[in-house]
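Welcome! Have a look at the sequence and the 3D view, then try the exercises at your own pace.

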Amino acid sequence: MSNTPVKVAVTGAAGQIGYSLLFRIASGALLGPDTPVELRLLEITPALKSLEGVVMELQDSAFPTLAGIEIGDDPNVIFNGANVALLVGARPRTKGMERGDLLEANGAIFTVQGKALNDHAADDIRITVTGNPANTNALIAKSNAPDIPAERFSALTRLDHNRALAQLANKTGVHVTDLKKLTIWGNHSATQYPDIFHAEVAGKNAAEVVNDQDWLENDFIPTVQKRGAAIIEARGASSAASAAAATIDHTRDWLRGSADGDWLSMAVVSDGSYGVPEGLISSFPVTTKDGDWEIVQGLEVNDFSRARIDASTAELGEEREAVKALKLLG
Ligand code: NAD
Ligand code: LMR
């Protein structure tokens, strides 16, 4: 085991997602069994007592890879020296809300945290935003952190990707591990576009294997788009354990690399690829290696996909205008 712990900051650490996420990070699921981890946990002041209870449970788990824990309510302290930051802390939506309704309530959190990351994080910082509306919160954090390279910011669409894998596996009667090259495009919202036209089912083209346009349009796509709302309706609270698992998958694969012959969905800053306006944080098919990502290039986009990618990126453009008007962009 290397001796220097990797500092992983988690915000909203006393929340629902935090309660699942912290134990997975501490047990080595993020960085592997040979890398010690120091957890740096941020909460708002009234939640610190509850966080102390979570810390007791982390201690009681006696994880071999857990090297230390620091908690607090000041991002300038908690982000100090952080190598990885998982920005989860934000209000979740409740029944009947869209994620975009949270822009005003949650956006301000990400100006402060972007500045604090800019001033205090380690030079190799990698940032994953899970708190909603995740893409635009990542945009806010990025724009308030001018000294951090833009490609170090990402937002979570891996939960949508995993949801799409589960639906496609169920439809085609295979295990999720037989599926490759699925893509979530756009916003982590009801406009997101889960794309199976380049996906493979046991090596064969997924759209051809499925061969069911009605299922694609009226079942698969809306099910994935509205899965978050369906969970809120059923559980009375938004997804938490699956969101924590996806936050781990996303960040682990970013740091440790995507599998050969496959790709991931990550919301990252657009360079204009596939007609997505430059600067938006939008979900793309990406490959990763050693903490860097690259957008998969050269995919043919048919008219069906084009319309859906455009609709979701138009929504991201509107969110960018809304947070600009709220003076949240640095
Ligand atoms: P939660 O309400 O249980 O926990 C959120 C925590 O964040 C609370 O403990 C709160 O005190 C804390 N917090 C609020 N403001 C903070 C700040 N400024 N600094 C630090 N901590 C702060 O919510 P949850 O279920 O854990 O969800 C967290 C966020 O993740 C929500 O916005 C939710 O919508 C989002 N989410 C995203 C995805 C995704 O796929 N991107 C999936 C599920 C949930
Ligand atoms: C999800 O997709 O489950 C989360 O973004 C929570 C929500 O509001 O849908």
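Three exercises with worked solutions follow. This is a predicted model, in which local features need pLDDT of at least 70, side-chain atom pairs count only at pLDDT 80 or more, and totals for chains, interfaces and linings use all residues. Residues are numbered from 1 along each chain as its sequence is written, while chains are lettered from A and ligands numbered from 1 in the order in which they are written.

**Exercise 1.** Find which residues are closest to ligand 1 and which helix gives the most to its shell.

*Solution.* Start with the count: 29 residues surround ligand 1 (C-beta atom, placed from the backbone, within 6 Å). The closest are Gly 12, Gly 15, Ile 17, Gly 89 and Ala 243. Next, look at helix H1, residues 16-26, which gives the most, with 3 residues. Helices here are DSSP runs of H or I with at least four residues, and strands are runs of E with at least two, numbered from the N terminus.

**Exercise 2.** Work out which helix gives the largest share of the shell around ligand 2, and which domains the shell draws on.

*Solution.* First list some neighbours: among them are Pro 92, Arg 93, Asn 132, Ser 238 and Ala 243. Then turn to helix H9 (residues 227-235), which supplies the largest share, 3 residues. Finally, at least three residues come from each of domain 1 (6-155) and domain 2 (158-319), with bounds from an automatic or database domain assignment.

**Exercise 3.** Describe the span 6-149.

*Solution.* Begin with the record: an unreviewed UniProt entry annotates residues 6-149 as "domain: Lactate/malate dehydrogenase N-terminal". Such annotations may be inferred rather than shown by experiment. Then check the model: the span is 39% helix and 19% strand, and its end C-alpha atoms lie 20 Å apart.
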